[in-house]
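Good morning, and thank you for making time for this short presentation. Please have the sequence and the structure in view while I speak.

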Amino acid sequence: SMGITPLKSGHLYTIGGRRHNYGESVVNDHKLAIVFTVEMDHRHVSMAPAGPITLESSAQYLRAGNIAVQVAEFIRSLGYPARAHIDGNYQVRCPQLARDAGLGEIGRMGLLMTPDLGPRVRIGVVTTDLSMECSPLNQNPSVLDFCSRCKKCAQNCPAQAISTARNPESGTDWRIDQEACYTYWCKSGTDCGRCIAVCPYSHSSGMLHSAMRYLIRKSGLIRRIAVPLDNWLFGQRPQIQKMAEWMQK
């Protein structure tokens with residue numbers, strides 16, 4: 001999925017946080033942002049928090065970066081400034097940009113929830129001054145309504161870093177306990193991703209799950225019964241899928 005949105009000051013980080021730019025002010029006066037998502041493989045995600053989630057996350061960050069760098073270089077070849085924002089070198093808050101570009105909503109776990117893949121995506125961004133038509137905001141209140149009812153990510157978070165409040169405590173987005181989340185990453189040695197794995201929106205894109213996601217968008221009644229139904233079919237605490245034998249060596 002792809003969208004274009006005006007770049008606003010609230011989309012930018014204020015200071016750098018990496019070794020090469022730690023403490024430096026972020027300066028980016030581009031007018032627009034091209035935002036896109038790439039899909040993460042369901043089978044690898046379902047093994048989270050074991051090693052394959054890091055493998056898959058890294059592979060899709062690389063894929064998104066590859067696309068962003070090529071798009072930025074093409075725009076520069078047309079004579080316009082452009083910057084690729086990729087893993088380890090972001091100046092922007094990707095989920096918020098993606099939401100404003102019409103690609104989804106910010107869910108309970110603080111990640112972008114897309115209509116078809118839920119949080120099972122990685123985001124790439126290119127900022128530029130090239131004039132383009134912006135995408136409609138395309139708000140999807142059904143996703144936020146579903147997240148307010150579903151607490152599966154919070155119940156399965158090994159670090160207990162996800163809020164169980166029905167509505168966002170900040171008034172805009174749910175906020176996770178970043179320190180608790182990252183501390184668990186360091187202890188486990190992986191990117192965890194258990195919240196992504198257990199989200200009912202993250203199921204594989206077969207006919208049944210695609211139809212269920214469509215009904216969730218259309219019907220409040222379906223949103224009320226979807227979580228109990230998902231718990232009945234897959235368990236309130238879904239099993240971590242086993243790694244292939246070659247991965248265990």
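I shall discuss one helix, then the aromatic pairs, and finally the nonpolar core. Please bear in mind throughout that this is a predicted model.

Let me begin with helix α9, which runs over residues 220-234. Its 15 residues reach 22 Å from the first C-alpha to the last, close to the 21 Å expected at 1.5 Å a residue. Where in α9 does the kink lie? The position is A226, shortly before the proline P228, and the angle is about 35°.

Consider next the two ends of this helix. At the N-terminal end, S219 acts as the cap, with a side-chain oxygen 3.3 Å from the backbone nitrogen of L221. Just after α9, G235 adopts a positive phi of about 95°.

As for its surroundings, the buried residues of α9 are I222, R223, A226, V227 and D230. The kink position, A226, is thus among the buried residues. The cover over these buried residues includes α4 (141-149), α5 (152-156) and α8 (207-218).

I turn now to the aromatic residues. How many aromatic pairs does a search of the whole structure find? The search returns two. One of them is formed by F146 and Y201, in an edge-to-face arrangement, with 5.2 Å centre to centre and 85° between the planes. This pair links distant parts of the chain, since F146 belongs to helix α4 and Y201 to the loop between α7 (194-198) and α8, 55 residues apart. Are these two rings' residues buried or exposed? F146 has 2% relative accessibility and so counts as buried; Y201, at 1%, also counts as buried.

Y182 and W185 form a tilted pair, with 6.1 Å centre to centre and 55° between the planes. Because they are three residues apart in helix α6 (residues 178-188), about one helical turn separates them. W185 has 32% relative accessibility and therefore counts as partly exposed.

Finally, the core. In soluble globular proteins, nonpolar side chains tend to be buried together. The largest nonpolar core here has 25 residues, and those touching the most other members are M109, F146, I162 and Y201. Two or more residues of this core come from each of α4, α5, α7 and α9.

What does Y201 touch, leaving aside residues up to four places away in sequence? Its contacts include M113, L117, V143 and F146, together with R213 and I216. D116 and S142 are also among them.

Note on methods
Residues numbered from 1 in each chain as written. Predicted model: local features only at pLDDT ≥ 70, side-chain atom pairs only at ≥ 80, totals over all residues. Heavy atoms only, no water. Helix = DSSP H or I, 4+ residues; strand = E, 2+ residues; numbered from the N terminus. Expected span 1.5 Å × (residues − 1). Bend = angle between axes of the 7 residues up to and from the residue. Buried < 20%, exposed > 50% of the residue type's maximum accessible area, 1.4 Å probe, protein only. Contact = heavy atoms within 4.5 Å. Polar contact = N/O pair within 3.5 Å; in protein donor to acceptor, adjacent residues only side chain to side chain. Phe/Tyr/Trp six-rings, centres within 6.5 Å; stacked < 30°, edge-to-face > 60°. Core = buried A, V, L, I, M, F, W, Y, C linked by side-chain atoms within 4.5 Å.
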